[in-house]
Amino acid sequence: MKSRYILSRREFLKDSIIMSGTPLVLNGGILNKLSLKAPAFEAPLTWVQKTIKGSSAGFTWGIPWPKGKIKAGSSFYLKDQDNSKSAIQSWPLAYWPDGSLKWTAHAAAPGLSSGSNYAVVAGKLTGNISGLSVNTSSDEITIDTGAVKCIIPKSGNTLISSLSIKNKVIAKDGKLLLLIQNSPDEDDTTSISRKNLTGTITRVELEQDGPIRAVVKISGVYSNGELNLLPFIVRLYFYTGSDEIRIIHTLVYNADEQTQFIKGLGLSFDVPLSGELHNRHIRFVNSENDGLFAEAVRGLTGLRRNPGKIITEAQLNGRATPPVEQFPEDVKKNLQYIPAFGDYTLLQSNSSGFTIRKRTKGGHSWLNSGAGSRALGTVYLGTPDGGLIAGIRNFWQSFPAQLDIRNAASDVGKIILWLWSPETPAMDLRFYHDGMGESTYEKQRDALDITYEDYEPGFGTPQGVARTSELVIKAVSATPEREELRNIANAFETPARLIGDHAYLQEQQVFGGNWTVEDRTNLAKAALEQQLQGYFEYYKKQVDYHHWYGFWNYGDFMHTYDSDRHTWRYDVGGFGWDNSELSTDLWLWYYYLKTQRADVFHIAEAMTRHTGEVDVHHLGRFAPLGSRHNVMHWGDSAKQLRISTAANRRFYYYLTADERVGDLLREQVDAAKALSRIQPNRKLEGVRDQQQPEFTEDKIPAGFGTDYGAIAAAWLTEWERTGSEPIKQKLINSMITIAAQPHGFFTGHGILHLDTGKFDITTNQEFSVSHLNAVFGLTEIIEELLLLVNVPAFEKAWLQYCRLYNAKPEEQQQELGQSFTKLNLGQGHSRLTAYAAYKTKDPKLAARAWAEFYGGKAGIKPGLIKIKKITGAAVLNPVEEDADVSTNAVAQWGLAAIQCLAYAGDQIPLQEIK
């Protein structure tokens, strides 16, 4: 079948015309004597978030290509529906096994129109692109986008030396700030002492140098010369023609949570100021009601003597007032007696409320100046001749956050963006209970039986967990008008984003052939699509109803609902935070691919940021494993690959080309070595009392389910990204040796040699099957693998597992000599049956898959969601609840629905679902 994305002959000839003549401006880049070489393929894009007026941000996205069609080193350009061409910067993300490009990343300059439809075209625009300039020396990197110039030191404690427009410095001395104290605020037995640390650079790397996009990676630690804590990574993003710098800040926690409490975490910039105090302006932006807090350091309104409409309107709108000489005499002579307020603070102490206050200067009282529910996290300080706009994305969602302006009445003001407010209780990451006597594995298993918490002394530590935050700074040559500033703040919060169109993505079978775009062409399909929509929207509301927000919490869901208290079980052991249990991340991402909805993307994005950073240990004893669900994200003693798995991060990386998530994927390549130190099954009966074999980092125990799914995901991703033959061979060796086991996947586990990827072939004839094996990404990763490599024995073993897991006991007995009567998650595994039906073209298997799905075993009965509104004294605040659901059940139901529709959708029973 001919791809509809291959250019027609007419388009091919049209694009082959040689163009020449006057220079053509293309999104900030200029191409002289432009000529076009004929393209062969194009990939359509869609707007996840459309451009907001006032935005000057650039764009970056990833796009897949058909196997064998686009050679490595190929060039690309962007075109719109009118066939206008634009230069883009391109680089590879992944390769097909034959070396052709599988995924590419692209960057475009600001200026793309949200009213246009774009496509990436494989072809070359010849000519020189005049983009941003990057100059490096032994001491610093200088980047000039054409709109701003930024100087970045290579050492010391300053991230950005200066940010200027046309040689006028708008901001300087950008520094990372950390406040540490020796006890929590409520500890009355200890005298609190605090230390101030600043981010100190250990390494600076220029990851990209244009011509359209430049990326600088800065690594370091917070230090005061004696104490070094909390490794950080900061990436600075620049685009030609843009006056904005996107900042991605990652903090890795390595403090002593018993004696070192983070009191404040921020980023500060000095802002040079000049001119009259009444021409210096402060702005904060509210996320609701189009609100804006706008004041001058020295206000001219509300005085006993009126300076006149021309003067007051100029000040209110951020324009320069007439010279003081032109002020009315009764105002001019007493200007010095109008207080100048140099300090302002906006504090978002929770997800539902912020306050604003101001004072003239230190040593004097604060005045309450305003309040609201949710601030957008954007602040401005400047004059009619320019200033700095700065913002924290997901500001109120990541409370406690704070925006400070200081010394605005002096020659150098300051903006401080606090990711953790120093005016709220210090960060307390200690474990929430004292162990309750759980000193042995037996007691810990007994505790698990009642609270579902897998506790072990020393395991519930935050050592090595991380948090990534996104900030933006923007230099402007004039105080923006009110509506313009609101637009800029909204663009900071929800930046315009281009991504591959989902119909095209489906055609390329990205992330497996196990999903389809939304289809409501018959009643049964429409019912399932409606229920998929309903469950997503239910969880979207639950986030807000139950305030799943906060610096360490935002992006995660809760695990299980408490229908008696009408709240989620936030305080009950293993029922607290979900931590990707049963692949919540995968459910959201596949649902995004189906629907292409912006709100789904934003929630999936937040979950990817959270689960990849907070739920995983990135340094220390447990690195780089993740933690099982618990009331604290790092609290559970089950440190496992199934949580840190690359399978959950691949979507965001390939769709957006995000460098930090790329780091997380690479971190998992050798993650299995940690299983030599921490075996997931160490507490099980029959294991805990036996002498265990000696393991090394190259010889580990690994299950063929959750362990192998994560290992294969990491190796597959690294192979795709690099084309590494050794990684490929390890992957193939692992597939061959799993297939060679006495019972294939039903053997359950083995000894894996990480240097070769081979499992020892066991002589043990026992079976080992877990309901968890296939529900943490194994299913999805194997289906991708089988599209890439040909290992017939492995495919046969996998199809056997898919076909027999939910089969009748007599069928299992006949084929394996063993039946499994107590296997769980039957509904979730219906997607395995559907896959086997698809691969073997067996309509009876397809019918069985739908029977398993609609049967709802250990899952959810298809139908309308049963939501009740709970109000009054039964709850603190009104909530909506479906008391029959848990997050892992919804995730498995959602994945089963999506994949059964993909593999057996044409055989769905045409019944009415009420």
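This is a walk through a predicted model, from its enclosed spaces to its sheets and then to some unusual backbone points.

Start with the cavities. The model holds five cavities of 30 Å³ or more. The largest cavity contains about 370 Å³ of space. It is lined by 24 residues, and those closest to its centre are G58, Y239, R246, E470 and P495. The lining of this cavity is mixed in character: twelve of its residues are nonpolar, five are polar and seven are charged.

Which elements supply the lining of the largest cavity? At least two residues each come from the strands β5 (59-64), β19 (228-239), β20 (244-252) and β31 (466-476), and from the helices α5 (482-493) and α11 (650-656). Strand β20 gives the largest share, with three residues.

One of these lining strands, β5, leads on to a sheet. Three strands form this open sheet, in the order β5-β9-β8, and their pairing is antiparallel. Strands β5 and β8 (89-95) stand at the edges and have a single partner strand each, so one side of each has no neighbour in the sheet. Neighbouring strands here are turned against each other by 20° on average, direction ignored.

Look at the pairing of β5 with β9 (residues 101-108). Six bridges hold this antiparallel pair. Within it, P64 stands opposite W103 of β9. A helix also packs on the sheet: α13 (residues 706-722) touches β8 and β9. The direction of α13 makes about 135° with that of β8. In a regular strand, side chains alternate between the two faces of the sheet.

Now turn to β4 (residues 42-49). Is this strand mostly covered or mostly open? Strand β4 is mostly covered, with eight of its eight residues buried. Here, buried means a relative accessible area under 20%.

Strand β4 pairs with β10 (residues 118-122) through three bridges, in the antiparallel sense. In that pairing, P44 stands opposite A119 of β10. Strand β4 also pairs with β32 (residues 497-500), again antiparallel, and here the bridges number four. There W47 stands opposite L498 of β32.

The last stops are in loops. Most peptide bonds are trans, and most residues other than glycine have a negative phi. Where does the model hold a cis bond? One cis peptide bond joins G210 and P211, with omega about 15°. P211 sits in the loop between β17 (194-209) and β18 (213-223). Another cis bond runs from F399 to P400, with omega near 0°. P400 belongs to the loop between β28 (386-392) and β29 (401-406).

Positive phi values come next. K166 has a phi near 50°, a positive value in a residue other than glycine. K166 is placed in the loop between β15 (160-165) and β16 (168-181). Is K166 buried or exposed? K166 counts as exposed, because its relative accessibility is 80% and exposed means over 50%.

Y452 also has a positive phi, near 70°, and is a residue other than glycine. The loop that holds Y452 runs between α4 (441-451) and β31. Y452 counts as partly exposed, because its relative accessibility is 31%, which lies between the 20% and 50% cut-offs. Strand β31 thus closes the tour where it began: β31 is among the elements that supply at least two residues to the lining of the largest cavity.

Conventions:
Residues numbered from 1 in each chain as written. Heavy atoms only, no water. 1 Å grid on protein atoms, 1.4 Å probe; cavity = no way out; pocket = protein on both sides within 12 Å on 5 of 7 lines; lining within 4 Å. Points joined across faces, edges and corners; volume = space filled by probe spheres on them. Nonpolar A, V, L, I, M, F, W, Y, C, P; charged D, E, K, R; others polar. Pairing = 2+ DSSP bridges. Axes fitted to C-alpha atoms, helices over the stretch in contact; angles between N-to-C directions. Contact = heavy atoms within 4.5 Å. Buried < 20%, exposed > 50% of the residue type's maximum accessible area, 1.4 Å probe, protein only.
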